[in-house]
Amino acid sequence: MLHEYRDVITHMKENNAANAHFLKIFDRHNALDDQITEAEKGTIPLTDLELEKLKKEKLLLKDEAYAMIIEYKKEHDL
């Protein structure tokens with residue numbers, strides 16, 4: 001997720017700035033990404049509606065994490 005900000009995310013984690021909420025979002029996003037990939041391969045049976053719901057949740061989490069990263073980046077002049 002947000003590979004272009006990998007350095008900022010690493011900085012957040014190394015400086016204990018990544019709060020529990022950010023880490024929860026990050027982990028949930030990655031778990032959804034894995035689940036979506038498996039569903040698209042046909043390994044996990046999901047309806048189109050269920051898959052769409054997971055994709056929307058993943059996008060919302062990405063948007064929230066992005067906002068947190070941008071705020072951190074501004075605060076720390078990165």
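Here is a walk through this structure, from its overall outline down to a few individual side chains. Keep in mind that what you're looking at is a predicted model.

Start with the big picture. The protein chain has three helices and zero strands, so reading along the sequence you simply get α-α-α. The C-alpha trace spans about 45 × 20 × 20 Å along its principal axes. That goes with a radius of gyration of 14 Å, where a compact globule of 78 residues would come in near 12 Å. Of those 78 residues, 27% count as buried. Now look at who touches whom: among contacts with a separation of 6 or more, 66% are between residues 24 or more positions apart.

Next, zoom in on α1, which covers residues 6-14. Val8, Ile9 and Met12 are its buried residues. Look down the helix axis and these buried positions fall within an arc of 100°, so they line one face of α1. Over on the other side, Arg6, Asp7 and Glu14 are exposed. And what sits on top of the buried face? The cover includes α2 and α3. Just after α1 you'll meet Asn16, which takes a positive phi of about 55°.

On to α2, residues 20-41. With 22 residues at 1.5 Å each, this helix should span 32 Å, and its end C-alpha atoms are indeed 32 Å apart. Its buried set is Phe22, Ile25, Phe26, His29, Leu32, Ile36 and Ala39. Down the axis of α2, they fall within an arc of 155°, so once again the buried residues line one face of the helix. The face turned away from that buried side carries exposed Ala20, Lys24 and Lys41. Covering the buried residues of α2 are, among others, α1 and α3. After the helix comes Gly42, with a positive phi near 95°.

Two residues of α2 deserve a pause. Phe22 is in contact with Ile9, Met12, Ala65, Met68 and Ile69, leaving aside neighbours within four places in sequence. Then there's His29: is this histidine buried or exposed? At 4% relative accessibility, His29 falls below the 20% cut-off, so it counts as buried. Not counting residues up to four places away, His29 touches Met1, Lys58, Leu61 and Lys62.

Now put the helices together. The largest nonpolar core has 19 residues, and those touching the most other members are Leu2, Tyr5, Val8, Met12, Phe22, Ala65 and Ile69. Each of α1, α2 and α3 supplies at least two residues of this core, with the largest share, seven residues, coming from α3.

Last stop: the aromatic rings. A search of the whole structure finds two aromatic pairs. One of them is Tyr5 with Tyr66, an edge-to-face arrangement at 5.7 Å centre to centre and 65° between the planes. This pair links distant parts of the chain, since Tyr5 lies in the segment before α1 while Tyr66 belongs to helix α3 (residues 48-75), 61 residues apart. How accessible are the two partners? Tyr5 is buried, with a relative accessible area of 14%, whereas Tyr66 at 36% counts as partly exposed. Tyr5 also appeared above among the core residues touching the most other members.

Definitions and conventions
Residues are numbered from 1 along each chain as its sequence is written. This is a predicted model: local features need pLDDT of at least 70, side-chain atom pairs count only at pLDDT 80 or more; totals for chains, interfaces and linings use all residues. Side-chain values use heavy atoms; hydrogens and water are left out. Rings of Phe, Tyr and Trp (its six-membered ring) pair if their centres lie within 6.5 Å; planes under 30 degrees apart count as stacked, over 60 as edge-to-face and the rest as tilted. Helices (H or I, at least four residues) and strands (E, at least two) are DSSP runs, numbered from the N terminus. Buried means under 20% relative accessible area, exposed over 50%, partly exposed in between (1.4 Å probe, protein chains only). Contact means heavy atoms within 4.5 Å. The arc is that of the directions from the helix axis to the C-beta atoms. A nonpolar core is a set of buried Ala, Val, Leu, Ile, Met, Phe, Trp, Tyr and Cys residues joined through side-chain atoms within 4.5 Å. The expected span of a helix is 1.5 Å times one less than its number of residues. The radius of gyration is taken over C-alpha atoms; the globule rule is 2.2 Å times the number of residues to the power 0.38.
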